Amino acid sequence: NALERMQTSLHSLLGPVPTVHNTPMGESGLPASLARLDSVVDVNGIDYYHRRSDMRAVRDRTLRLVGSVRLPYGPEIGVGAPPWFATRTDADSLHTLLCACAYGLRGMNLYMAVDRDRWYGAPFDELGRERPHAKELRSVLRALTRCQFHTLTRKVEVGILLPQEYARLSRATHTLGALSPSLLAIAGAGANAACLQTKLGFEEPIQIAWTEYVERFARALDAAFVPYVYVEGDAPESMLESLRVLICPSFELADPERLARMARFQARGGRVIYGPQLPHLNAALEPLSEREHAALQHSEWQHADAAHAALVVADLIGELGLRRPVVAAPSGIEATLHEDDTGPRVLFVLQPQAANVEAELSLPEPLTLVDALSGERFGGDDNISVPMDGYSCRMLLCERHNEGSPRPRAPSARRSQPPC
């Protein structure tokens, strides 16, 4: 509401200028969702300041952003940090940038470009001299421009819903006062790590159990190499249009409007997976209306116990033929494929663990992969081996064997019109 008032004031003084908001780290513990903020401003994004060992956090935050806002944007891709942050290296900055792109970031602002007395690790020092880190960043930016990365799509068919009423319950039962849920999320403990564990009259403590349900299915999808996104419960229905499956934690209470969106998703041909139970109360703990209750009882949603998440995912793959564009080994290696209308264009391979490994990739078609930073070339087949250092991410440009014409050039900044 505050942002809406600020935007109204700006528009009354300056006309319909574009508005942008950057949400600080720890967004999962904030009272306002990314989707709600995105309904107010033109562009809404999140800030990234992570170490190489924080790949899981970068992935989960980006998947939430991609699933809940119109333009996944990083207003502050931390290139360095202020001195009161935890120490970050050039490798940390580069790795965070690559990982965010791997999971679907489509716009960014490198923050900051030049060092000063309250900033370190930028590509240029305080006297404007180029540091070695600038060469690596330039290589990444040139590769993103060359493949027109902002136009590519990471095709996703599965969404995991994050109901806002359960997130609010987690926030309301937080016990640590000044140590907010956001701080716990930044520390890696999770926004609901310090919630009361009482059941509050329900069958189980919903404020804790709902994220456990989400995490169990996320791990099962990861293990099966099925791409997914997190969708906030108040995200517009347009965010569901490309999805075929919606996985929804469901307890005694639920927002009727969210239930209606889920019902409309199923009516359009989508598959709704819920558990552990259908609700009978609204978010104000009042009984659902007879019409709402009857609609739920006659729904064709599929019940799924979180303990059987791996089996449910396997059944969905077999029954619906869910896409698994890249399968990787050994266990833990992740890969994301970004495509355009002609096929694969960029493949990211990620090693979130400390060990050096040889990644074995099963691709959707024969490809030659070219590392955007080092220029190394791999494969020429649909099964390729790529060496991976610990805590690393490779951006690999795809050369398809059936391409008969050169790729289109990226638009020139000199010829094109400004975006606003």
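## Walking through the sheets and helices

In strand 4, Tyr 111 is the bridge partner of Gly 78. That pairing is a good place to start our tour of this predicted model. Gly 78 belongs to strand 3, which covers residues 73–78, and strand 3 pairs with strand 4 in the parallel sense over four bridges. If you are new to sheets, here is the basic idea: strands of a sheet pair through backbone hydrogen bonds, and the pairing can be parallel or antiparallel.

Now zoom out a little. Strands 3 and 4 are part of an open sheet of four strands, in the order 1-2-3-4, with parallel pairing. At its edges you'll find strand 1 (20–23) and strand 4 (107–111), each pairing on one side only. From one strand to the next, the twist averages 25 degrees.

Let's go back to Tyr 111, since something happens right after that residue. Which form does the peptide bond from Tyr 111 to Met 112 take, cis or trans? It is cis, with omega near 5 degrees. Met 112 sits in the loop between strand 4 and helix 5, the helix of residues 133–146. To see what makes this worth a look, remember that most peptide bonds are trans, and that most residues other than glycine have a negative phi.

That second half of the rule helps with our next stop. Follow the chain through helix 5 and you reach Gln 148, in the loop between helix 5 and strand 5. Gln 148 has a phi near 50 degrees, a positive value in a residue other than glycine. Compare Gly 15, just after helix 1, which takes a positive phi of about 90 degrees. While you're looking at helix 1 (residues 2–14), try a quick check: at 1.5 Å a residue, its 13 residues should span 18 Å, and the end C-alpha atoms are 18 Å apart, so the two agree.

Beyond Gln 148 comes strand 5, and with it another sheet. This one is an open sheet of five strands in the order 6-5-7-8-9, again with parallel pairing. Why is one side of strand 6 (228–232) and of strand 9 (302–303) left without a neighbour in the sheet? These strands stand at the edges and each has a single partner strand, so one side of each stays unpaired. Strand 5 (residues 158–162) runs parallel to strand 6, and five bridges join the two. One example to find on screen is Leu 162, whose bridge partner in strand 6 is Glu 232. Helix 9 (residues 256–267) packs on this sheet, where it touches strand 5, strand 7 (245–250) and strand 8 (271–276). The direction of helix 9 makes about 150 degrees with that of strand 7.

Next, the helices and how they meet each other. Two packed helices are described by the angle between their axes and the distance between the axes. Take helix 3 (residues 55–68) and helix 4 (residues 90–102): their axes come within 9 Å and cross at roughly 35 degrees. The crossing is right-handed. On the helix 3 side, Met 55, Val 58 and Thr 62 make the contact, and they meet His 95, Thr 96, Cys 99 and Ala 100 in helix 4. Sort those residues by type and you get four nonpolar, three polar and no charged.

Helix 8 (residues 206–223) is a good one to follow from end to end. The axes of helix 6 (residues 164–172) and helix 8 come within 8 Å, crossing at roughly 130 degrees. That angle makes helix 6 oblique to helix 8. Helix 6 passes helix 8 in a left-handed crossing. Here Ile 206, Gln 207 and Trp 210 of helix 8 meet Tyr 166, Ala 167, Leu 169 and Ser 170 of helix 6. The residues of this contact are five nonpolar, two polar and no charged.

Helix 8 has another partner in helix 11 (residues 309–320), and these axes come within 8 Å and cross at roughly 50 degrees. Helix 8 is therefore oblique to helix 11. The crossing of helix 8 and helix 11 is right-handed. Arg 216, Phe 217, Ala 220 and Leu 221 of helix 8 meet Ala 309, Ala 310, Val 312 and Val 313 of helix 11. Seven residues of this contact are nonpolar, none are polar and one is charged.

One last stop further along the chain: the peptide bond from Ala 329 to Pro 330 is cis, with omega near 0 degrees. You'll find Pro 330 in the loop between strand 10 (327–329) and strand 11 (334–340).

Definitions and conventions:
Residues are numbered from 1 along each chain as its sequence is written. This is a predicted model: local features need pLDDT of at least 70, side-chain atom pairs count only at pLDDT 80 or more; totals for chains, interfaces and linings use all residues. Side-chain values use heavy atoms; hydrogens and water are left out. Axes are lines fitted to C-alpha atoms, for helices over the stretch in contact, and angles run from 0 to 180 degrees between N-to-C directions. Angles under 35 degrees count as roughly parallel, over 145 as roughly antiparallel, 65 to 115 as roughly perpendicular and the rest as oblique. A crossing is left-handed if the near helix is turned anticlockwise from the far one by less than a right angle, and right-handed if clockwise. Contact means heavy atoms within 4.5 Å. Ala, Val, Leu, Ile, Met, Phe, Trp, Tyr, Cys and Pro count as nonpolar, Asp, Glu, Lys and Arg as charged, and the others, Gly among them, as polar. Two strands pair if DSSP finds at least two bridges between them. The expected span of a helix is 1.5 Å times one less than its number of residues.
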